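I wanted to look up how aromatic rings sit against each other and against charged side chains. These are my notes.

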Amino acid sequence: MRNLLACTAIAPVLAALSVADAAAETTIGSSTTTAVRTSTVANGAADDVTVSSAGSITLTGGTAITQDSNNKVGNAGTLKISGADGATGIRAVAGTSGTISHSGTITLDEDYTPADDDKDGDLDGPFAKGSNRNGIWVQSGAAHVGNIDSSGTITIEGNQSAGIRIDAPLTGNLSTSGSTSVVGDNSHGVLANAVAGNVTIRGTTAVTGANSTGLALQGDVTGAVKIQGTITSTGYRYISRPSDVSKLDADDLLQGGSAVTIAGNVTGGVIFDIPPTLDSSKPDVDNDGLTDASEGSANIIAYGSAAAVRIGSATAATTIGPVAADSSGYGLIVKGAITGQGVYNGVSANGLAIGGLGGDVTLTKGLLVSGSVGAASYDNNATAIRLGSGATADTIQVGGAVSATGSSVAGTSARALVIDAGATSRAIVNSGAISATALSSKDGAAVAILDSSGTVASLSNSGTISATGGKSGSNVAVDLSANGSGVTLTQSLASATASAPRITGDVRLGSGNDVVTVSAGSIAGNVDLGGGSNSLALSGSSTLAGNVALGGNGSSLGLSGSAQINGDVDFGGGASTLTLSGTAALNGAIGNAGNVAVAMNGGTLNAGNKGAVALASLAVGASSVIGVTVDTANGTNTLYHVAGAATFASGSQVKATLTSVVGSEGDYVIVRAGSLSGTPALSSTTLIPYMFKGGIASNAATGEVTLSIAAKTVSELGLTGSQARAYDAIFNALDKDSAVAGRYLAITDGDALKANLQQMLPDHAGGTFEAVTAGSRATARILADPGGIYRTDDGRLGFWLQQVAFGSSKSLGDTASYDITGWGASFGAEYLTGIGALGASFAYIHGSDSSGSTDNAVDSDQFELAAHWRGDFGPLQAYARLSAAHVDFRGSRHFESGDVVRAADGDWSGKLYSATAGGSYEMRFNRFTLRPAAGIDYYRLKENGYGETGGGAAFDLIVDGRTSDELTASGNVTVGYDFGSLDREDGWMRFELEGGRRQIIGGSLGDTTARFAGGEDFTLVADKRTSGWTGRARLIGGTGSFRVGGEFGAEEQQDHVALSLRATVNFIL
């Protein structure tokens, strides 16, 4: 073996060689500045050349290593040439033989860095200034024989340059697995012409520059093309869009070339691959000759308008054979990711483009996508996959994702899969996701599948196809309207456990005889089957939400299972059939059906027509339902006008839909036939709005079936109490809001009706009275605290601070339920006189009255002034109190039924007056005390009227003022125990338990009278308030100048327990 010991001296390299076997390898193991040729490297003789990891060749120009003889070249070290045009790392002369392997570093750069010349914060100038720099270059001419492999790093700065450039035919394999970076215009990462072998691209290949391409295969490849790495191309200076693009110059927005171009035949197919699932017992699961752990995933990205991947030639036909390493037989397989990104304004985006350049392109069997192909523009056109004119892909199978996003400018579109006129594709099979998303609902357009060639005859979907985001009428999921020979479109489950398939967007078929069969999932969009004798069949639980144009003479529409069409159907006027069975339903208007024979073996035909529906014949079997709509506003109703026979089997029914509430009562002819047999029935519980009742009569002599409708009475509806009193007013107001009326007309049971009615009622159950009086009574109880007037012997002025909280509730009863919560704070002062203490107090009390059965609520803010007297006569204590309060009420009512929501707000004020008196007598037994007490109080609340806003004419109420009052007497006995000192001047504390009863002896809650604007009054009567037992636990104590206390209380009210908390502080100054 010869070792080449290179030195930095200028002495010839050959003088440093030690010569041994002429057939051995010459190794460069240190630094040298002298170029090497294989023909003379061994003292003038030819030899293989290897640069070891410790070796390097650094030049100022020319070629580092020239393969000009039939010898191998390997570089594991460093080859570097700076600032020289025409520089080459490794050059193979045409016609030579010998492998070229590169695992080290090749750097051909220059001392140039773009600068911000115009000082706008953005770099300016070209990406590179030099040119014609090639990392590995096989010169044109006779074929080069031998594999070329690059697993190292290649860095090139230069225009018209390349990381690897093979101008001559290559007999051998071409492979990369390292990193190749090229910066400069009109350059390539990897460029090859004819290859008699396999092309395997792994690692990373990145090019930046105008019209620069990542991988360009310009000739035929007799092996396979396998791409399993990252390849990117761009002409942009910044591939991530800055927040401010106004500073970008033209040299920042240059358009690069494609990331991958294939212009020749490929015998072994093209695959954008991913690693197989690793198996520790088998290092090469996919038998591709590569260790699975070393394999990567294809990730192809073009930033700019160029297609990320382009296949085809302008001058010759291209044929892609089946992928050799895959059993599917497809010529082009995408398992990894291909993406085109426009990034900037006005730049289209393109993912995979096949053909359309002039020469035909044939993909054996077609295209298989199990990975992803996408295109995303900022505002312009975006096309994920495009078969251009002259391209042939018999089957396009998508099991992964094909997506396009863009189009916010008028005249542009986002398109996922496009087959141009002049291309050929027989079938599309989708089990993945094909989606197009427009970025403007004003100007955008989205098309998921577009066949302009007219050659697609079959579309099978078990995945998702969607077109969304565009303006109305411009979201097209499937456009096969160019087909004139007929299309078969099927949608079904991929497996028993698979997700339901769906098509979102319009479906447009052509003039041939089309067959559409949907056995699972949904279609959300209009379906136009075009001309011809067409068939549309839905089964299982499938649904179609959109309008249907069925087609010409001889067409058929069938629904079975629980399938539904929710949209209008245009039969086109020809002799056609409509068949329903099971529980299937057609809900929509029927047009051009005068020659349609309808056969119902079950299901529902709910024609949305508000007038005549012309039919040739109508046969309604047992358990079948025909629907009619009564349009009171226009005085019309659905009328099945049957030219021939109309037959109704026993058990057939009619479903009535009303467009308004008031005026719907009456008799309506719903069938008029040439001959009539049988009478359908009407279920008053499910097939007519619950608020109405009806009947059906038939007259064979006239061929007519008549529907009679009447409103139910409140007793027939099962209404009582407030709902019954308000029902007529609510009934007559509903039509003022068609959405609210629609929700009532959709009700089919009494519980739903009662729930809706309850939301319509104003506050009337006594909750506001309870909230304001409970707070006032809680603050007044301080006058009944034990210990009497709190004074020192010489003090006459005392003060207190108090905080209260309270809560109570009521069940629905005949009115409404409520839940009361509140809190308050008060302070007071009193002056000791010869006849007792005279005092005054102020309280702020906030109350919340919420309905337990609805979202209606009333909040109150109460401002109360009170004056009182207290007398302390040994064991006897007495008090009297008068108060007046201003109360601000804020009410809100909410109606929610289905997707209809209304909210009404009302503000009003009121005045609360009270008078309270009581006394107690305390008996002491050492530390025990016993204190019987009695009291009486009177409360009167006068509320002003108010009008609501925000809920609309069918919900806002005008409520009159009302007055409520209550007179109660109470009696209780308290047992106490003193802790600490019995001398009040010292520290003391007492715990007390109190029990008694509060009895209502007079007064009542005011009636609530309300009306809807322009409507009749209705008056709601509150449930009577109830008396009940009371109980309290109290802890109180202090010294001669300070006293604190706390109390927890419970009171029986309205069959519930009302609770209260109170904390007090008494002090003197």
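Entry 1, charges over rings. I am working from a predicted model. I began with Lys712, whose charged end sits over the ring of Tyr690, 4.0 Å from the ring centre. I then looked up Arg241: its charged end sits over the ring of Tyr378, at 3.5 Å from the centre.

Entry 2, ring pairs. I asked how many aromatic pairs the structure holds. The count came to 14. I took Phe692 and Phe731 as one of these pairs and found them tilted, with 6.0 Å centre to centre and 50° between the planes. I looked up where the two residues lie: Phe692 is in strand S71 (residues 692-699), and Phe731 is in helix H2 (residues 721-733). The pair therefore ties together parts that are 39 residues apart in sequence. I also checked whether Phe692 and Phe731 are buried or exposed. Phe692 is buried, and Phe731 is buried as well.

Entry 3, a second pair. I looked up Tyr977 and Phe979, whose ring centres are 5.0 Å apart. Their planes stand at 75°, so I noted the pair as edge-to-face, since planes over 60 degrees apart count that way. For exposure, I noted a relative accessible area of 30% for Tyr977, which is partly exposed. Phe979 has 40% relative accessibility and also counts as partly exposed.

Entry 4, a cluster. I went back to Phe692 and Phe731 and asked which residue forms one aromatic cluster with them. I found that residue to be Tyr727.

Key: Residues numbered from 1 in each chain as written. Predicted model: local features only at pLDDT ≥ 70, side-chain atom pairs only at ≥ 80, totals over all residues. Heavy atoms only, no water. Phe/Tyr/Trp six-rings, centres within 6.5 Å; stacked < 30°, edge-to-face > 60°. Helix = DSSP H or I, 4+ residues; strand = E, 2+ residues; numbered from the N terminus. Buried < 20%, exposed > 50% of the residue type's maximum accessible area, 1.4 Å probe, protein only. Lys NZ or Arg CZ within 6 Å of the ring centre and 35° of its normal.
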